[in-house]
Amino acid sequence: MKKNLLNKIFLTAVISALLLIFSPGGFAQEAAKPDEGDGEAPDIEYEVNINQIAFIVKYDTDGNGKVDTKEFIGKHFKNMDKNGDGFIEPHEAPEGQTAY
């Protein structure tokens, strides 16, 4: 019982920290900014929810903030990897509670 409570507290702390990292301006982030002609690609920010962050926390074993095929082996990986870069990033993770 004590270990389960500690695990829940730890997971809550990790999720809270990730929320701060992925949403510096609050939970709702602004859309992509237009390119101002400096030759660099615009920074794109996405909205993510707690379930998407929990998915990343659960499967991201190397701590890079995204999940690859070594960390998540499942038939749904290709469907989740919406941009086809070989990683499931927080904005691509399942939005609802799942059994993953």
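In this predicted model, Phe55 and Tyr59 are both part of helix α2, and because they are four residues apart there, about one helical turn separates them. The structure contains three aromatic pairs. In the pair made by Phe55 and Tyr59, the ring centres are 4.9 Å apart and the planes meet at 50 degrees, so this pair is classed as tilted. Phe72 joins these two residues, and Phe55, Tyr59 and Phe72 together make up one aromatic cluster.

Val67 is located in the loop that runs between α2 (50-59) and α3 (77-80). Beyond its neighbours within four places in sequence, Val67 is in contact with several residues, among them Phe55, Tyr59 and Phe72 of the aromatic cluster. Its other contacts include Ile56, Asp60, Phe77, Gly86, Phe87 and Ile88. Val67 and Glu89 are 22 residues apart along the chain, yet their C-alpha atoms are separated by 6.5 Å.

The table lists the accessibility of three residues discussed above.

| Residue | Relative accessibility | Class |
|---|---|---|
| Phe55 | 4% | buried |
| Tyr59 | 15% | buried |
| Val67 | 0% | buried |

The class follows from a cut-off: a residue is called buried if its relative accessible area is under 20%. Tyr59, at 15%, therefore counts as buried, and Val67, at 0%, does so as well.

Phe87, one of the residues in contact with Val67, also takes part in an arrangement with a charged residue. Lys66 is placed over the face of the Phe87 ring, at 4.4 Å from the ring centre.

Conventions: Residues numbered from 1 in each chain as written. Predicted model: local features only at pLDDT ≥ 70, side-chain atom pairs only at ≥ 80, totals over all residues. Heavy atoms only, no water. Helix = DSSP H or I, 4+ residues; strand = E, 2+ residues; numbered from the N terminus. Buried < 20%, exposed > 50% of the residue type's maximum accessible area, 1.4 Å probe, protein only. Contact = heavy atoms within 4.5 Å. Phe/Tyr/Trp six-rings, centres within 6.5 Å; stacked < 30°, edge-to-face > 60°. Lys NZ or Arg CZ within 6 Å of the ring centre and 35° of its normal.
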